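Visitor: I'm new to this, and I keep hearing labels for parts of a protein without knowing where they come from. Could we go through a few of them together?

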Amino acid sequence: RYRMPRPTHRRVLTVANQKGGVGKTTTTVNLAAALAMHGVRVLVIDLDPQGNASTALGVDHHLGTPSVYECLLGEIRLAEAAAVSTASPNLLCIPATIDLAGAEIELVSMVARENRLKQALSEEALAELDVDYVFVDCPPSLGLLTVNALVAAKEVLIPIQCEYYALEGLGQLLSNIDLVRAHLNTALHVSTILLTMYDGRTKLADQVTSEVRGHFGPTVLRTVIPRSVKVSEAPGYSQTVLAYDPGSRGAMSYVDAAREIAERGAQMDVPQRQDGR
Ligand code: ADP
Ligand code: MG
């Protein structure tokens, strides 16, 4: 069975786009599940008060569950909030409860308000969880929660929906990323763009695809995620599409996208091994 290459250095990817409904959460949980099911250890941080990533990963997130909120406040360790996803024993999730809805405002008056997630994701904390990848699922805004996610990661993954106005608002996200890089996190860069909800029957989808590729070049993954009913049904069963219908085009395309990400990362970080291991 194919195993995803493990990165030599732990990779932290923030999945961001301030537009709602572009596929951030779907992309986060399915890429994470694809990597985990192929042998690497993955942590998903649910940073959206809606808790959709927690739901899709089959992780409890009712009020009172130890969550990312307490981690941001520094009240508990990451490991105390981490729950194993039903998707894979290699997949952990820090759930979001409704408490997180207040955090956007509460953070404003806190010390080191932009660095809270970074502090929670210390080397020590991640080593304790023994994960190779961390994916942070952002809320649909450019507020302090998203800023925390951008400070805590090296890589940004932007899902772009193959729709009208796909690029609208992206400039704002990119200039926020530039600001964070200039002032808070010099290592931050957009490493990955993933086209989602591609509908091959429309001419528009191809126009958007070539526009995005023309604009962002090789940052855009070759794999495109098709619009598929299975993908949208899966969260209703508290599942990733990989568990819900592993043979579906949606599931297979997320595995392909995950493999591209893993292989790129391996190229970035690891000198090619001669022994083929
Ligand atoms: P975001 O996190 O950016 O708000 P979601 O991942 O929640 O976006 O996706 C928005 C909606 O679109 C959800 O109902 C989701 O199930 C659906 N969806 C996402 N990707 C696909 C896809 N490839 N095909 C069909 N529906 C999709
Ligand atoms: Mg979401």
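Guide: Sure, let's start with a sorting rule. Ala, Val, Leu, Ile, Met, Phe, Trp, Tyr, Cys and Pro count as nonpolar, Asp, Glu, Lys and Arg as charged, and the others, Gly among them, as polar. Keep in mind that this is a predicted model.

Visitor: Okay, so what does that sorting make of the shell around ligand 1?

Guide: By that rule, the shell splits into 10 polar, 6 nonpolar and 2 charged residues. The whole shell has 18 residues, and the closest are Lys24, Thr25, Thr26, Val231 and Ser232. Helix 1 (24-37), strand 7 (189-198) and helix 11 (229-233) are the elements that each give two or more residues to it.

Visitor: Which element makes up the largest share of that shell?

Guide: That's helix 1, with 3 residues.

Visitor: Now Thr86. Is it buried, exposed or something in between, and how do you know?

Guide: We count neighbours. A residue is buried if 20 or more other C-beta atoms lie within 10 Å of its own, and exposed if 12 or fewer do. Thr86 has 17 C-beta neighbours inside 10 Å, so Thr86 is called partly exposed. You'll find Thr86 in the loop between strand 3 and strand 4. Its C-alpha atom is 5.4 Å from that of Gly58, although the two are 28 residues apart along the chain.

Visitor: And how much of the whole chain passes as buried?

Guide: Buried residues are 48% of the 277 in the chain.

Visitor: What makes the overall size agree with a compact globule?

Guide: We set the chain against a rule for its length. A compact globule of 277 residues would have a radius of gyration near 19 Å, and the chain has 18 Å, so the two agree. Along its principal axes, the C-alpha trace spans about 50 × 40 × 40 Å.

Visitor: What makes strand 3 and strand 8 edge strands?

Guide: Look at the sheet they belong to. It is an open sheet of 8 strands with mixed pairing, in the order 3-4-2-5-1-6-7-8. Strand 3 (83-84) and strand 8 (220-226) each pair on one side only, and these are the edge strands.

Visitor: How do you know that strand 2 and strand 4 pair?

Guide: Two strands pair if there are at least two bridges between them. Strand 2 (residues 42-46) and strand 4 (residues 91-94) are joined by 4 bridges, and they run parallel. One bridge partner pair is Val44 with Cys93 in strand 4.

Conventions: Residues numbered from 1 in each chain as written. Chains lettered and ligands numbered in written order. Predicted model: local features only at pLDDT ≥ 70, side-chain atom pairs only at ≥ 80, totals over all residues. Near = placed C-beta within 6 Å. Rg over C-alpha atoms; globule rule 2.2 N^0.38 Å.
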